[in-house]
Amino acid sequence: MTPDAETGHPHAPAAATVRAVHDELDERAARLDAEHAQTDLRHRFLLPEGLVHLDGNSLGALPAAVPPVLRRVVQEEWGRDLIDSWNTAGWWDAPGRVGDAIGAVVGAGPGQVVAGDTTTLRLYQALRAAAVLRPEARVLVTDPGSFPTDLYVAHGVAAEVGWRVELADPDAMPVLLADLTARGERVAALAFSHVDYWTGRAWDLPGLVRAAHDAGALAVADLCHSAGAMPVGLDEHDVDLAVGCGYKYLNGGPGAPAYLYVARRHQPQFVNPVPGWHGHADPFAMAGEYAPADGVDRARTGTPPLLSLLALEAALTALDGVDADAVRERSLSLTAFLRECLESLVPGVDVVTPRDDERRGSQLSLRHEHAYGVVRALAERRVVGDFRAPDIVRLGVAAPYLTHADMVTAARAYAAVLADEEHLDPRHERRSTVT
Ligand SMILES: Cc1ncc(COP(=O)(O)O)c(C=O)c1O
């Protein structure tokens, strides 16, 4: 709203001005969508008509490749071939095969990623392994703003192995590491999320890895909010260990398997704290004593959830032929345009996510006192984002299946919700904790 010249009070802009703003945004969206037509992969996904899914940072959309693969797996591999499928359909090798496919997305060469289990378990394996790789060290450095599971695991492992946990915002980690080193303290690992789940802020992964290595520590990265949305470059940047989930920008489906990256140079010394028979060097010998398999296979645990794993494998084909740089370019254009639409249409909108490209992941986080109500009211208008306590509306932008036109639709819905005070409707009071 513009301030009234005489009273200084805000007043509504004239209808013609409002229409001109909307028309201009529609025209810009059409132009930008034409410019980015090459990376529009909407046709590879099955999304309900008219829905703007801004929650791919929580649950990615369903890739069209998944249902036929799951039908085949269920009817033929499971229903007809039964136990033979462990060999004939490649079930046994699926964790490594799917791991390599994820590796291609996050810049890891073959044989360094294994898929399966949850991010939580993978974090546990990574941090316990770090304790073995850095036996003299007594400190773990991590971000207090990390996703809760990351903090729980960090404190849990620290209690088990006798580490002290030092908390620092990733921007402050290099200075903290230098201080600790100057005081003669040995740091085992620096654990951080590549992109912050709450603010959508992207941290400087190469810089953090360098700072960790300068301090003799390992870099352990959580890629949940970057894998599939932007280049990661695990090998290129010398990351030591990394984890991530399959259900966000990798579109693997609800509860999709997670993954663990163990850089090749660490694999001979990698000790699996959850040694299971699928990670044994000779699983069918049924030996009573554990002997780890070679390579990243030693990070396997027990029988993997094959239906989910094979769904994730099919889902990853939705990203075939599009490199991470192209996805990133589209994502940056979408999030910058979404911000512009919101700033044009929603007076006083409070975007928490950094404006500059280097520090922005693939989401916009908006602060609002009634964030929960806003999210629920938006959903009624077929714009699906999510709520993060206490006051954040998260709008995730999974670039492959979203368009600039969707960004205008979302901003328009946001403006309408606030203008009509739909977010204050008693139906949208926060009762449930599951959103
Ligand atoms: C950054 C981050 N780490 C970990 C997790 C959770 O991991 P899990 O797959 O074990 O539920 C999430 C879930 O959203 C997350 O955003």
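In the predicted model, the loop between strand 12 (259-262) and helix 9 (306-316) contains M286, a residue whose phi is positive, at about 55°, although M286 is not a glycine. A second backbone feature is found in the loop between strand 15 (386-388) and strand 16 (392-396), where P390 lies; the peptide bond that leads from A389 to P390 is cis, and its omega is near 0°. Both features are worth stating because most residues other than glycine have a negative phi and most peptide bonds are trans.

At the level of the whole chain, the secondary structure amounts to 12 helices and 16 strands. The radius of gyration of the chain is 23 Å, which agrees with the value near 22 Å that a compact globule of 435 residues would have. Taken along the principal axes, the box filled by the C-alpha atoms has dimensions of roughly 85 × 65 × 40 Å.

Within this arrangement, strand 7 (residues 139-142) and strand 8 (residues 164-167) run parallel and are joined by four bridges, with T142 standing opposite L167 of strand 8. Together with helix 6 (residues 148-161), strand 7 and strand 8 form a β-α-β unit that is right-handed.

Helix 6 also takes part in the surroundings of the ligand, since helix 5 (119-133) and helix 6 are the elements that give two or more residues to the shell. The residues that surround the ligand are T118, T119, T120, F147, T149, D150, S193, D222, C224, H225, Y247 and K248. Sorted by class, this shell consists of three nonpolar, six polar and three charged residues.

Several polar side chains approach the ligand directly. For T120, an N or O atom of the side chain is 2.5 Å from an oxygen atom of the ligand, and for H225 the corresponding separation between a side-chain N or O atom and a ligand oxygen atom is 2.8 Å. In the case of D222, the partner on the ligand is a nitrogen atom, which lies 2.7 Å from a polar side-chain atom of this residue. The ligand taken alone exposes 400 Å², and 84% of that area is buried by the protein.

Conventions:
Residues numbered from 1 in each chain as written. Predicted model: local features only at pLDDT ≥ 70, side-chain atom pairs only at ≥ 80, totals over all residues. Heavy atoms only, no water. Pairing = 2+ DSSP bridges. Right-handed = clockwise from strand over helix to strand, strands pointing away. Near = heavy atom within 4 Å. Polar contact = N/O pair within 3.5 Å; in protein donor to acceptor, adjacent residues only side chain to side chain. Areas by Shrake-Rupley, 256 points an atom, 1.4 Å probe, with all protein chains shown as cover. Nonpolar A, V, L, I, M, F, W, Y, C, P; charged D, E, K, R; others polar. Rg over C-alpha atoms; globule rule 2.2 N^0.38 Å.
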